[in-house]
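Me: Please take a close look at a single part of this model, the nonpolar patch on its surface. Please then place that part in the context of the other side-chain contacts.

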Amino acid sequence: MTWFVALLQQEGEEAVARQGGILGALEDAGTWFIGLFQAGADVFVGFVTGIIPLVIVLLTAFYTIVNLVGEQRVNRAAQFAAGNVLTRYSLLPLLAVFFLTNPMAYTFGRFLEEKYKPAFYDSAVSFVHPPLGLFPHVNPAELFVWLGVARGLQQLDLPLGPLAVRYLLAGLVVIFIRGLVTQFMTAFLARRQGVEL
């Protein structure tokens with residue numbers, strides 16, 4: 001966003017230096033319009049040469065790990081994690097997001113009874129951002145959220161690692177709480193409406 005403010009300031013200073021009536025105003029508008037797209041292109045080039053190759057390599061590595069470990073072992077780990085309330089809303093969403101990424105992570109709900117599926121979905125959908133600092137492959141489509149925070153820290157010469165770890169741990173706490181609350185809400189509404197899940 002700072003590039004946009006800098007572009008506007010630069011255009012404003014150049015406009016004050018020039019005078020030209022309507023044609024000058026049109027020239028300024030055209031220069032600003034092209035400059036806006038040039039700034040967007042510069043950001044895109046930064047992604048193409050920076051984060052996109054990283055995400056592709058990470059995706060390849062994790063798909064390789066899943067193939068080496070075996071899909072059956074990953075499924076057994078997911079079935080184990082679905083077994084109790086503590087792991088159902090912490091370990092299961094972590095495994096789902098880590099191995100299957102967004103949006104395939106929600107398919108791990110197949111290991112759960114119907115009454116637990118809404119709470120699992122709430123936990124999993126809430127966990128697609130917290131691991132981005134450590135594992136950008138989990139949700140590359142929304143990596144801009146983490147990159148915005150990271151850019152601010154880099155400008156302050158602060159390390160990114162401690163924040164990434166804290167963001168992941170805070171996410172685990174939040175998804176566990178959300179899972180419990182949603183599980184109780186689902187049970188309450190099912191009883192109230194006479195629905196058996």
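Reply: Helix H2 and helix H3 (51-69) each supply at least two residues of the nonpolar patch. The model is a predicted one, in which local features require pLDDT of at least 70 and side-chain atom pairs count only at pLDDT 80 or more, while totals for chains, interfaces and linings use all residues. Numbering starts from 1 along each chain as its sequence is written, and side-chain values rest on heavy atoms, with hydrogens and water left out.

The members of the patch are Phe44, Val45, Val48, Ile52 and Ile56, whose accessible area together comes to about 450 Å². Such areas follow the Shrake-Rupley method with a 1.4 Å probe, and for residues only the protein chains shown count as cover. A patch is built from residues with over 30% relative accessible area and no salt bridge (nonpolar side chains Val, Leu, Ile, Met, Phe, Trp and Tyr are joined within 5 Å, like charges within 9 Å). H2 makes the greatest contribution to the nonpolar patch, namely three residues. Phe44 has its place in helix H2. With a relative accessible area of 54%, Phe44 is exposed, where exposed means over 50%, buried under 20% and partly exposed in between (1.4 Å probe, protein chains only).

The setting of the patch is wholly helical: the protein chain has nine helices and zero strands. These elements are DSSP runs numbered from the N terminus (helices: H or I, at least four residues; strands: E, at least two). Of the 197 residues in the protein chain, 32% are buried.

Aromatic side chains come next. The whole structure contains five aromatic pairs. In one of them, the rings of Phe33 and Phe37 have centres 4.9 Å apart and planes at 65 degrees, so this pair is edge-to-face. Rings of Phe, Tyr and Trp (its six-membered ring) pair if their centres lie within 6.5 Å; planes under 30 degrees apart are stacked, over 60 edge-to-face, and the rest tilted. Phe33 and Phe37 both belong to helix H2 (residues 21-49), the helix that also holds Phe44. They are separated by four residues, about one turn of the helix. Phe33 is partly exposed at a relative accessible area of 45%, whereas Phe37 is exposed at 52%.

The rings of Phe98 and Phe135 have centres 5.0 Å apart and planes at 85 degrees, so they too form an edge-to-face pair. This pair links distant parts of the chain, 37 residues apart: Phe98 is in helix H6 (residues 91-100), and Phe135 is in the loop between helix H7 (117-126) and helix H8 (143-155). Phe135 is partly exposed, with 25% relative accessibility. Together with Phe99, Phe98 and Phe135 make up one aromatic cluster.

In contrast to a patch, a nonpolar core lies in the interior: in soluble globular proteins, nonpolar side chains tend to be buried together. Here the largest nonpolar core has 29 residues, and those with the most contacts inside it are Leu92, Val97, Phe108, Leu112 and Phe120. Helix H4 (71-81), H6, H7, H8 and helix H9 (161-193) each supply at least two residues of this core. Its largest share, five residues, comes from H6. A core of this kind is a set of buried Ala, Val, Leu, Ile, Met, Phe, Trp, Tyr and Cys residues joined through side-chain atoms within 4.5 Å.

Charged contacts complete the account. The structure has three salt bridges, each a side-chain nitrogen of Lys or Arg within 4 Å of a carboxyl oxygen of Asp or Glu. Asp122 and Arg178 form one of them, with the closest N and O atoms 2.6 Å apart. This bridge joins distant parts of the chain, since Asp122 is in helix H7 and Arg178 in helix H9, 56 residues apart. Asp122 is buried, at 13% relative accessible area, whereas Arg178 is partly exposed, at 38%.

Glu114 bridges to Lys117, with a closest N and O distance of 2.9 Å. Glu114 is partly exposed at 49%, as is Lys117 at 27%. Glu113 pairs with Lys115 at 3.8 Å between the closest N and O atoms. Glu113 is partly exposed at 48% relative accessibility, and Lys115 is partly exposed at 35%.
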